[in-house]
Amino acid sequence: MFSSKALFRTALLMVVLYACGTSQPARRNVLSNTKPANQQPAQNNGRNPDQTTFTRPEQITKRRPPEERPVVNTKVERRQEPETEAPAATATTYRSPAFYKNITDSIQRVAAKPSYYKMTENLFKEMTVVPDPKNPAVNSQWYTTVNFDVRKPNFVILHHTAQNSAEQTLFTFSISRTSVSAHYVVGRDGVTYQMLNEYMRAWHAGRSKWGSITDMNSCSIGIEIDNNGNEPFSEAQISSLLKLLEYLKDKFGIPQGNFIAHSDIAPSRKNDPSKFFPWKRLAGAGFGYWYDSTNLAEPPADFNAILALRVIGYDTRNQATAITAFKLHYIQNDITPSLTDYDKKVLYNVYKYY
Ligand SMILES: [Zn+2]
(Lines give C-alpha, C1' and ligand atoms only; values in the text may rest on other atoms or scores of the structure.)
Protein backbone atom coordinates (compact mmCIF):
# COMPACT_ATOMS: atom_id res chain seq x y z
CA MET A 1 0.00 0.00 0.00
CA PHE A 2 1.32 3.40 -0.89
CA SER A 3 0.84 4.93 2.52
CA SER A 4 2.83 2.29 4.36
CA LYS A 5 5.54 2.48 1.71
CA ALA A 6 5.68 6.23 2.20
CA LEU A 7 6.03 5.71 5.94
CA PHE A 8 8.89 3.34 5.30
CA ARG A 9 10.61 5.67 2.90
CA THR A 10 10.46 8.33 5.60
CA ALA A 11 11.73 5.86 8.19
CA LEU A 12 14.58 4.78 5.91
CA LEU A 13 15.47 8.41 5.23
CA MET A 14 15.61 9.02 8.96
CA VAL A 15 17.79 5.96 9.44
CA VAL A 16 20.15 7.19 6.71
CA LEU A 17 20.31 10.66 8.26
CA TYR A 18 20.87 8.99 11.60
CA ALA A 19 23.78 6.98 10.26
CA CYS A 20 25.30 10.08 8.64
CA GLY A 21 25.59 12.03 11.89
CA THR A 22 29.25 13.12 12.23
CA SER A 23 29.35 14.61 15.71
CA GLN A 24 29.69 11.27 17.46
CA PRO A 25 32.62 8.83 17.56
CA ALA A 26 32.80 6.25 14.81
CA ARG A 27 30.56 3.24 15.27
CA ARG A 28 32.14 -0.01 16.11
CA ASN A 29 30.99 -3.23 14.62
CA VAL A 30 30.49 -5.50 17.63
CA LEU A 31 30.99 -8.50 15.39
CA SER A 32 34.58 -7.35 14.77
CA ASN A 33 37.36 -7.56 17.34
CA THR A 34 39.08 -4.39 16.12
CA LYS A 35 38.36 -1.14 17.99
CA PRO A 36 38.40 2.13 16.02
CA ALA A 37 41.64 4.00 16.64
CA ASN A 38 40.00 7.37 17.32
CA GLN A 39 37.40 6.23 19.81
CA GLN A 40 36.80 8.79 22.57
CA PRO A 41 35.02 7.26 25.57
CA ALA A 42 34.56 10.68 27.20
CA GLN A 43 31.89 11.54 24.61
CA ASN A 44 29.80 8.55 25.46
CA ASN A 45 28.02 10.22 28.36
CA GLY A 46 29.08 7.61 30.86
CA ARG A 47 28.04 4.62 28.79
CA ASN A 48 30.18 1.63 28.09
CA PRO A 49 32.80 2.92 25.60
CA ASP A 50 32.22 -0.14 23.47
CA GLN A 51 28.60 0.77 23.03
CA THR A 52 27.49 1.98 19.62
CA THR A 53 26.40 5.61 19.93
CA PHE A 54 23.44 7.37 18.39
CA THR A 55 22.63 10.68 16.82
CA ARG A 56 19.77 12.23 18.74
CA PRO A 57 16.56 12.81 16.74
CA GLU A 58 16.80 16.55 17.56
CA GLN A 59 19.90 16.76 15.41
CA ILE A 60 17.94 15.44 12.49
CA THR A 61 15.10 17.90 12.88
CA LYS A 62 17.67 20.73 12.92
CA ARG A 63 18.52 19.84 9.34
CA ARG A 64 15.16 21.14 8.20
CA PRO A 65 14.54 24.84 7.52
CA PRO A 66 12.73 26.32 10.55
CA GLU A 67 9.58 27.19 8.59
CA GLU A 68 9.05 23.51 7.68
CA ARG A 69 9.39 22.27 11.20
CA PRO A 70 6.00 21.30 12.64
CA VAL A 71 4.96 22.63 16.02
CA VAL A 72 4.77 19.50 18.12
CA ASN A 73 4.73 18.56 21.72
CA THR A 74 8.12 16.94 22.19
CA LYS A 75 6.90 14.89 25.12
CA VAL A 76 5.44 11.64 23.86
CA GLU A 77 2.26 10.99 25.74
CA ARG A 78 0.24 7.80 25.77
CA ARG A 79 -3.38 8.65 26.02
CA GLN A 80 -5.61 6.71 28.30
CA GLU A 81 -7.93 4.54 26.31
CA PRO A 82 -11.53 4.35 27.42
CA GLU A 83 -13.19 1.15 28.43
CA THR A 84 -16.60 2.01 27.11
CA GLU A 85 -18.21 2.28 23.69
CA ALA A 86 -18.28 5.61 21.89
CA PRO A 87 -20.39 8.23 23.59
CA ALA A 88 -23.20 9.48 21.38
CA ALA A 89 -22.27 12.49 19.30
CA THR A 90 -24.62 15.43 19.41
CA ALA A 91 -26.98 15.41 16.47
CA THR A 92 -26.10 18.89 15.26
CA THR A 93 -22.34 18.54 14.89
CA TYR A 94 -21.76 15.86 12.30
CA ARG A 95 -21.99 16.46 8.58
CA SER A 96 -23.05 14.83 5.31
CA PRO A 97 -21.76 11.48 3.95
CA ALA A 98 -20.01 13.40 1.14
CA PHE A 99 -18.04 15.42 3.67
CA TYR A 100 -16.81 12.34 5.51
CA LYS A 101 -16.09 10.41 2.32
CA ASN A 102 -13.84 13.24 1.25
CA ILE A 103 -11.82 13.39 4.44
CA THR A 104 -11.58 9.71 5.29
CA ASP A 105 -10.67 8.04 2.04
CA SER A 106 -6.89 8.21 2.27
CA ILE A 107 -4.13 8.58 4.82
CA GLN A 108 -2.61 11.29 2.65
CA ARG A 109 -5.69 13.46 3.01
CA VAL A 110 -6.11 12.71 6.69
CA ALA A 111 -2.43 13.55 7.19
CA ALA A 112 -3.27 17.10 6.23
CA LYS A 113 -5.20 17.47 9.48
CA PRO A 114 -2.92 19.14 12.04
CA SER A 115 -4.01 16.87 14.87
CA TYR A 116 -3.27 13.74 12.81
CA TYR A 117 0.11 15.12 11.80
CA LYS A 118 0.96 15.87 15.41
CA MET A 119 -0.04 12.37 16.44
CA THR A 120 2.09 10.66 13.78
CA GLU A 121 5.03 12.96 14.51
CA ASN A 122 4.90 12.01 18.17
CA LEU A 123 4.66 8.32 17.31
CA PHE A 124 7.64 8.60 14.98
CA LYS A 125 9.68 10.27 17.72
CA GLU A 126 8.78 7.45 20.04
CA MET A 127 9.92 4.87 17.49
CA THR A 128 13.25 6.61 16.79
CA VAL A 129 14.12 7.59 20.32
CA VAL A 130 17.63 6.97 21.65
CA PRO A 131 17.63 3.62 23.46
CA ASP A 132 16.23 3.88 26.96
CA PRO A 133 19.12 3.88 29.51
CA LYS A 134 16.85 1.91 31.85
CA ASN A 135 16.82 -0.94 29.34
CA PRO A 136 19.46 -3.44 30.52
CA ALA A 137 20.08 -4.58 26.94
CA VAL A 138 21.46 -1.22 25.76
CA ASN A 139 24.07 -1.13 28.52
CA SER A 140 25.88 -3.85 26.64
CA GLN A 141 25.70 -3.67 22.84
CA TRP A 142 23.36 -2.52 20.10
CA TYR A 143 23.99 -3.76 16.61
CA THR A 144 21.32 -2.84 14.12
CA THR A 145 19.71 -5.44 11.90
CA VAL A 146 18.62 -4.59 8.40
CA ASN A 147 15.99 -7.31 8.20
CA PHE A 148 12.66 -6.04 9.49
CA ASP A 149 9.27 -4.64 8.63
CA VAL A 150 6.22 -3.52 10.60
CA ARG A 151 4.05 -5.74 12.79
CA LYS A 152 0.87 -6.75 11.06
CA PRO A 153 -2.69 -7.18 12.29
CA ASN A 154 -3.67 -10.81 12.72
CA PHE A 155 -7.29 -10.44 13.86
CA VAL A 156 -10.40 -8.64 12.66
CA ILE A 157 -12.80 -7.51 15.38
CA LEU A 158 -16.35 -6.77 14.26
CA HIS A 159 -18.60 -4.29 16.04
CA HIS A 160 -21.96 -2.64 15.63
CA THR A 161 -21.88 1.08 16.21
CA ALA A 162 -25.00 1.35 18.41
CA GLN A 163 -25.54 4.65 16.64
CA ASN A 164 -28.12 5.75 14.12
CA SER A 165 -26.01 6.71 11.11
CA ALA A 166 -22.53 6.24 9.68
CA GLU A 167 -22.05 10.02 9.73
CA GLN A 168 -22.65 10.06 13.46
CA THR A 169 -19.99 7.35 13.93
CA LEU A 170 -17.50 9.05 11.61
CA PHE A 171 -17.90 12.22 13.59
CA THR A 172 -17.50 10.38 16.90
CA PHE A 173 -14.22 8.84 15.70
CA SER A 174 -12.84 12.08 14.25
CA ILE A 175 -12.86 14.12 17.46
CA SER A 176 -10.31 13.54 20.19
CA ARG A 177 -12.51 13.82 23.27
CA THR A 178 -14.26 10.51 22.54
CA SER A 179 -10.93 8.59 22.44
CA VAL A 180 -12.46 5.81 20.33
CA SER A 181 -11.84 4.81 16.73
CA ALA A 182 -11.90 2.00 14.20
CA HIS A 183 -10.06 1.31 10.97
CA TYR A 184 -13.27 0.99 8.97
CA VAL A 185 -16.91 2.00 9.20
CA VAL A 186 -19.41 0.18 6.97
CA GLY A 187 -22.59 2.18 6.36
CA ARG A 188 -26.12 0.80 6.03
CA ASP A 189 -26.01 1.67 2.34
CA GLY A 190 -22.85 -0.40 1.85
CA VAL A 191 -20.50 2.59 1.62
CA THR A 192 -17.26 1.71 3.42
CA TYR A 193 -15.12 4.39 5.02
CA GLN A 194 -11.50 3.86 5.98
CA MET A 195 -10.43 6.01 8.93
CA LEU A 196 -6.97 4.69 9.75
CA ASN A 197 -4.19 2.75 8.05
CA GLU A 198 -4.31 -0.90 9.15
CA TYR A 199 -0.73 -0.76 10.44
CA MET A 200 -1.79 1.84 12.99
CA ARG A 201 -3.45 0.91 16.29
CA ALA A 202 -7.08 1.99 16.51
CA TRP A 203 -8.92 2.21 19.81
CA HIS A 204 -11.86 -0.13 19.39
CA ALA A 205 -11.33 -3.20 21.57
CA GLY A 206 -10.81 -1.61 24.99
CA ARG A 207 -10.28 -3.94 27.92
CA SER A 208 -10.42 -7.37 26.32
CA LYS A 209 -8.92 -10.85 26.22
CA TRP A 210 -8.77 -13.63 23.64
CA GLY A 211 -6.71 -16.68 24.50
CA SER A 212 -3.68 -15.22 26.23
CA ILE A 213 -3.79 -11.92 24.31
CA THR A 214 -4.80 -8.96 26.45
CA ASP A 215 -3.99 -6.14 24.02
CA MET A 216 -6.31 -6.84 21.12
CA ASN A 217 -5.96 -3.31 19.73
CA SER A 218 -2.30 -4.01 18.96
CA CYS A 219 -2.98 -7.06 16.83
CA SER A 220 -6.34 -6.35 15.23
CA ILE A 221 -8.26 -4.35 12.66
CA GLY A 222 -11.49 -2.87 14.00
CA ILE A 223 -14.53 -2.68 11.77
CA GLU A 224 -17.61 -0.81 12.94
CA ILE A 225 -20.84 -1.75 11.24
CA ASP A 226 -23.46 0.99 11.20
CA ASN A 227 -26.32 -0.56 13.15
CA ASN A 228 -28.18 0.45 16.30
CA GLY A 229 -28.13 -3.07 17.74
CA ASN A 230 -31.85 -3.73 17.42
CA GLU A 231 -32.23 -4.17 13.67
CA PRO A 232 -31.13 -6.60 10.95
CA PHE A 233 -28.02 -5.78 8.92
CA SER A 234 -28.75 -4.70 5.35
CA GLU A 235 -27.76 -6.79 2.34
CA ALA A 236 -25.72 -3.93 0.88
CA GLN A 237 -23.83 -3.61 4.13
CA ILE A 238 -23.00 -7.32 4.50
CA SER A 239 -22.05 -7.53 0.85
CA SER A 240 -19.59 -4.64 1.26
CA LEU A 241 -18.29 -6.11 4.50
CA LEU A 242 -17.54 -9.45 2.83
CA LYS A 243 -15.55 -7.71 0.09
CA LEU A 244 -13.57 -5.79 2.69
CA LEU A 245 -12.90 -8.93 4.73
CA GLU A 246 -11.72 -10.76 1.62
CA TYR A 247 -9.25 -7.96 0.96
CA LEU A 248 -7.96 -7.87 4.54
CA LYS A 249 -7.70 -11.65 4.86
CA ASP A 250 -5.65 -11.82 1.71
CA LYS A 251 -3.47 -8.79 2.43
CA PHE A 252 -2.51 -9.75 5.99
CA GLY A 253 -2.91 -13.54 5.88
CA ILE A 254 -5.48 -13.50 8.69
CA PRO A 255 -6.58 -17.01 9.75
CA GLN A 256 -10.26 -17.92 9.35
CA GLY A 257 -10.75 -18.33 13.10
CA ASN A 258 -9.46 -14.83 13.81
CA PHE A 259 -12.53 -13.00 12.49
CA ILE A 260 -14.39 -12.52 15.76
CA ALA A 261 -16.78 -10.25 17.64
CA HIS A 262 -16.19 -7.52 20.15
CA SER A 263 -18.52 -9.52 22.43
CA ASP A 264 -16.20 -12.55 22.05
CA ILE A 265 -13.18 -10.69 23.41
CA ALA A 266 -14.96 -8.58 26.04
CA PRO A 267 -17.79 -10.86 27.22
CA SER A 268 -18.55 -9.06 30.45
CA ARG A 269 -18.80 -5.63 28.81
CA LYS A 270 -19.90 -5.92 25.20
CA ASN A 271 -22.71 -7.43 23.16
CA ASP A 272 -21.80 -6.30 19.67
CA PRO A 273 -22.42 -7.17 16.98
CA SER A 274 -25.95 -8.14 17.95
CA LYS A 275 -27.85 -11.42 17.52
CA PHE A 276 -28.89 -10.21 14.04
CA PHE A 277 -25.34 -10.51 12.73
CA PRO A 278 -25.03 -13.24 10.05
CA TRP A 279 -22.07 -15.18 11.44
CA LYS A 280 -23.11 -18.34 9.58
CA ARG A 281 -22.95 -16.54 6.25
CA LEU A 282 -19.56 -15.05 7.12
CA ALA A 283 -18.18 -18.47 8.08
CA GLY A 284 -19.47 -19.84 4.78
CA ALA A 285 -17.37 -17.18 3.05
CA GLY A 286 -14.27 -18.04 5.10
CA PHE A 287 -14.48 -15.58 8.00
CA GLY A 288 -14.86 -17.24 11.40
CA TYR A 289 -16.16 -20.74 12.02
CA TRP A 290 -19.65 -22.19 12.16
CA TYR A 291 -20.89 -25.61 13.20
CA ASP A 292 -22.24 -28.26 10.88
CA SER A 293 -25.95 -28.01 11.72
CA THR A 294 -26.83 -31.10 9.66
CA ASN A 295 -24.42 -33.36 11.49
CA LEU A 296 -24.02 -32.29 15.09
CA ALA A 297 -21.93 -34.90 16.83
CA GLU A 298 -22.66 -35.80 20.44
CA PRO A 299 -19.83 -34.62 22.73
CA PRO A 300 -18.03 -37.33 24.71
CA ALA A 301 -19.19 -38.03 28.28
CA ASP A 302 -16.16 -36.28 29.78
CA PHE A 303 -16.52 -33.17 27.60
CA ASN A 304 -15.53 -30.09 29.62
CA ALA A 305 -17.51 -27.16 28.21
CA ILE A 306 -15.60 -24.44 30.05
CA LEU A 307 -12.28 -25.85 28.91
CA ALA A 308 -13.63 -25.95 25.35
CA LEU A 309 -14.60 -22.26 25.60
CA ARG A 310 -11.05 -21.50 26.77
CA VAL A 311 -9.53 -23.44 23.89
CA ILE A 312 -11.59 -21.38 21.44
CA GLY A 313 -10.30 -18.20 23.11
CA TYR A 314 -13.00 -17.02 25.52
CA ASP A 315 -12.05 -15.46 28.82
CA THR A 316 -13.60 -17.97 31.24
CA ARG A 317 -12.71 -16.22 34.47
CA ASN A 318 -16.41 -15.39 34.55
CA GLN A 319 -18.03 -18.57 33.25
CA ALA A 320 -21.53 -17.10 32.88
CA THR A 321 -20.43 -14.21 30.66
CA ALA A 322 -18.22 -16.54 28.60
CA ILE A 323 -21.23 -18.79 27.94
CA THR A 324 -23.40 -15.77 27.10
CA ALA A 325 -20.81 -14.46 24.64
CA PHE A 326 -20.50 -17.87 22.98
CA LYS A 327 -24.28 -18.13 22.65
CA LEU A 328 -24.62 -14.60 21.26
CA HIS A 329 -22.25 -15.65 18.50
CA TYR A 330 -23.40 -19.22 17.77
CA ILE A 331 -26.92 -19.67 19.20
CA GLN A 332 -28.06 -16.05 18.90
CA ASN A 333 -31.74 -16.42 19.87
CA ASP A 334 -30.97 -17.53 23.41
CA ILE A 335 -28.23 -15.91 25.45
CA THR A 336 -29.08 -17.27 28.89
CA PRO A 337 -25.88 -18.10 30.81
CA SER A 338 -26.26 -21.87 30.79
CA LEU A 339 -25.61 -24.56 28.19
CA THR A 340 -28.41 -26.86 27.01
CA ASP A 341 -27.60 -30.24 25.46
CA TYR A 342 -27.97 -28.62 22.04
CA ASP A 343 -25.65 -25.74 23.01
CA LYS A 344 -23.04 -28.26 24.17
CA LYS A 345 -23.22 -30.04 20.83
CA VAL A 346 -22.67 -26.73 19.05
CA LEU A 347 -19.79 -25.88 21.34
CA TYR A 348 -18.19 -29.30 20.83
CA ASN A 349 -18.54 -28.88 17.08
CA VAL A 350 -17.02 -25.37 17.03
CA TYR A 351 -14.28 -26.32 19.50
CA LYS A 352 -13.01 -29.01 17.15
CA TYR A 353 -12.05 -26.32 14.63
CA TYR A 354 -9.56 -24.84 17.13
ZN1 LIG B 1 -17.70 -2.72 19.91
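Helices, taken as DSSP runs of H or I of at least four residues, and strands, taken as runs of E of at least two, are numbered from the N terminus. On this basis the predicted model comprises 13 helices and five strands. Of the 354 residues of the protein, 42% count as buried. Among contacts between residues at least 6 apart in sequence, 70% join residues at least 24 apart.

The zinc ion has three protein donors, namely ND1 of His159, ND1 of His262 and OD of Asp272, at 2.1 to 2.2 Å from the metal. The spacing of these donor residues along the chain follows the pattern H-x102-H-x9-D. Because His159 belongs to strand β1 (residues 155-160) and His262 to helix α9 (residues 262-265), the two histidines tie together parts that are 103 residues apart in sequence. Both side chains come from buried positions: the relative accessibility is 0% for His159 and 1% for His262. The third donor residue, Asp272, is joined to Pro273 by a cis peptide bond, with omega at about -5 degrees. Pro273 is located in the loop between α9 and α10.

Two further buried positions were examined for their surroundings. Thr169 is part of helix α6 (residues 166-174) and, with a relative accessibility of 1%, counts as buried. Apart from residues up to four places away in sequence, Thr169 touches Thr161, Gln163 and Val185. Asn258, by contrast, is placed in the loop between α8 and β5 (259-261). The relative accessible area of Asn258 is 13%, and the residue is therefore buried, the limit being under 20%. When neighbours within four places in sequence are left aside, the contacts of Asn258 are with Asn154, Phe155 and Val156.

Packing between helices is illustrated by α11 (305-312) and α13 (residues 341-351). Two packed helices are described by the angle between their axes and the distance between the axes. The axes of α11 and α13 come within 10 Å and cross at roughly 40 degrees, and the crossing is left-handed. Residues Ala305, Ala308, Leu309, Val311 and Ile312 of α11 meet Leu347, Val350 and Tyr351 of α13. By class, this contact contains eight nonpolar residues, no polar and no charged ones. The buried residues of α13 are Asp343, Val346, Leu347, Tyr348, Asn349 and Val350. Their cover includes α11 together with α12 (319-330).

Aromatic side chains were analysed next. A pair of aromatic rings is described by the distance of the centres and the angle of the planes. The whole structure contains 14 aromatic pairs. In one of them, the ring centres of Tyr199 and Phe252 are 5.6 Å apart and the planes stand at 80 degrees, so the arrangement is edge-to-face. This pair links distant parts of the chain, 53 residues apart: Tyr199 occupies the loop between β3 (192-194) and α7 (216-219), while Phe252 is in helix α8 (residues 235-252). Tyr199 is partly exposed, at 28% relative accessibility, whereas Phe252 is buried, at 5%. An edge-to-face arrangement is also found for Tyr289 and Tyr354, with 5.4 Å from centre to centre and 85 degrees between the planes. Since Tyr289 lies in the loop between α10 (279-284) and α11, and Tyr354 in the segment after α13, this pair ties together parts that are 65 residues apart in sequence. The relative accessibility of Tyr289 is 19%, which places the residue in the buried class; Tyr354, at 33%, counts as partly exposed. In addition, Trp210, Trp290, Tyr291, Tyr314, Phe326 and Tyr330 form one aromatic cluster.

Finally, positive phi angles occur at two residues that are not glycine. Ser179 has phi at about 55 degrees and is situated in the loop between α6 and β2 (184-186). With a relative accessible area of 15%, Ser179 is buried. For Gln332, phi is near 70 degrees. Gln332 belongs to the loop between α12 and α13 and counts as buried, at 15% relative accessibility.

Notes: Residues numbered from 1 in each chain as written. Heavy atoms only, no water. Donors = N, O, S within 2.8 Å, 3.2 Å for Na, K, Ca; no water. Buried < 20%, exposed > 50% of the residue type's maximum accessible area, 1.4 Å probe, protein only. Contact = heavy atoms within 4.5 Å. Phe/Tyr/Trp six-rings, centres within 6.5 Å; stacked < 30°, edge-to-face > 60°. Axes fitted to C-alpha atoms, helices over the stretch in contact; angles between N-to-C directions. Left-handed = near helix turned anticlockwise from the far one by under 90°. Nonpolar A, V, L, I, M, F, W, Y, C, P; charged D, E, K, R; others polar.
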